[in-house]
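Here are my notes on the model you sent round. They are set out as numbered points, to be read with the structure open.

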Amino acid sequence: MIRAEFFADAQGTLLGFSVTGHAGLAESGEDILCAAVSSAAYMTVNTVSEILHIVPVSLRAEEGDMLFRISERDARLCTTLLSGFKLHLLSLEEQYPENLCVSYTEV
């Protein structure tokens, strides 16, 4: 199962996310859900860092594991992008409830 956890401050402003695991729908490299989540996660991180030029507080990207977090001062600039990524994953969770779990943590 893929577990996606979004980090938010006390006001609900998104500050980042963690994505871990594999969907298990198909063999590694052929799983459409893993590909969809991974692609969207990398697009989000790359847009924040390369287009918005925001340096993340935390960034780790390994096979089946990604952690990304920004500072509170940069949250306003990233809110639309992080909200779009969250919406995308919630939509995928509706389609694949046995393979993707989205949660939230207040930081």
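**Notes on the fold**

1. Helix α1, residues 32-51, lies across β1, β2, β3, β4 and β5. Its direction makes an angle of about 30 degrees with β4, the strand at residues 65-69. Please keep in mind that this is a predicted model.

2. The strands under that helix belong to one open sheet of five, ordered β3-β4-β2-β1-β5, with mixed pairing. β3 (58-62) and β5 (100-106) each have a single partner strand, so they stand at the edges and one side of each has no neighbour in the sheet. On average, neighbouring strands are turned by 15 degrees against each other, direction ignored.

3. Both senses of pairing can be seen at β1. Strands in a sheet pair through backbone hydrogen bonds, in either the parallel or the antiparallel sense. With β2 (residues 14-20), β1 (residues 2-8) pairs in the antiparallel sense, over six bridges. With β5, β1 pairs in the parallel sense, over seven bridges. On the β5 side, A8 stands opposite E106; on the β2 side, F6 has F17 as its bridge partner.

4. The connection between β1 and β2 deserves a look. The two strands form a hairpin, with five residues between them. In the turn, G12 has a positive phi of about 90 degrees. As for exposure, β1 is mostly covered, with five of its seven residues buried.

5. The second helix, α2 (residues 75-95), lies across β1, β2, β4 and β5, and runs at about 35 degrees to β2. α2 has 21 residues, which at 1.5 Å a residue should span 30 Å; the C-alpha atoms at its ends are 29 Å apart, so the two values agree. There is nonetheless a bend of about 30 degrees in α2, at L81.

6. Which residues of α2 are buried? They are A75, C78, L81, L82, F85, L89 and L92. L81, where α2 bends, is thus listed among the buried residues. The buried residues of α2 pack against α1 and against the strands β1, β2, β4 and β5.

7. The structure holds five aromatic pairs. One of them is F6 with F17: the ring centres are 6.2 Å apart and the planes stand at 50 degrees, so this pair is tilted. Because F6 lies in strand β1 and F17 in strand β2, the pair ties together parts that are eleven residues apart in sequence. Both F6 and F17 are buried.

8. F17 also pairs with F68. Here the ring centres are 5.6 Å apart and the planes are at 40 degrees, so the pair of F17 and F68 is tilted. F17 lies in strand β2 and F68 in strand β4, so this pair ties together parts 51 residues apart in sequence. For F17 the relative accessible area is 0%, and for F68 the value is 0%; buried means under 20%, so F17 and F68 both qualify.

9. Taken further, ring pairs link F6, F17, F68, F85 and Y104 into a cluster. F85 is one of the buried residues of α2, while F6 lies in β1 and F17 in β2. F68 lies in β4. I suggest viewing this cluster together with the strand order β3-β4-β2-β1-β5.

How values were computed: Residues numbered from 1 in each chain as written. Predicted model: local features only at pLDDT ≥ 70, side-chain atom pairs only at ≥ 80, totals over all residues. Heavy atoms only, no water. Pairing = 2+ DSSP bridges. Helix = DSSP H or I, 4+ residues; strand = E, 2+ residues; numbered from the N terminus. Axes fitted to C-alpha atoms, helices over the stretch in contact; angles between N-to-C directions. Contact = heavy atoms within 4.5 Å. Expected span 1.5 Å × (residues − 1). Bend = angle between axes of the 7 residues up to and from the residue. Buried < 20%, exposed > 50% of the residue type's maximum accessible area, 1.4 Å probe, protein only. Phe/Tyr/Trp six-rings, centres within 6.5 Å; stacked < 30°, edge-to-face > 60°.
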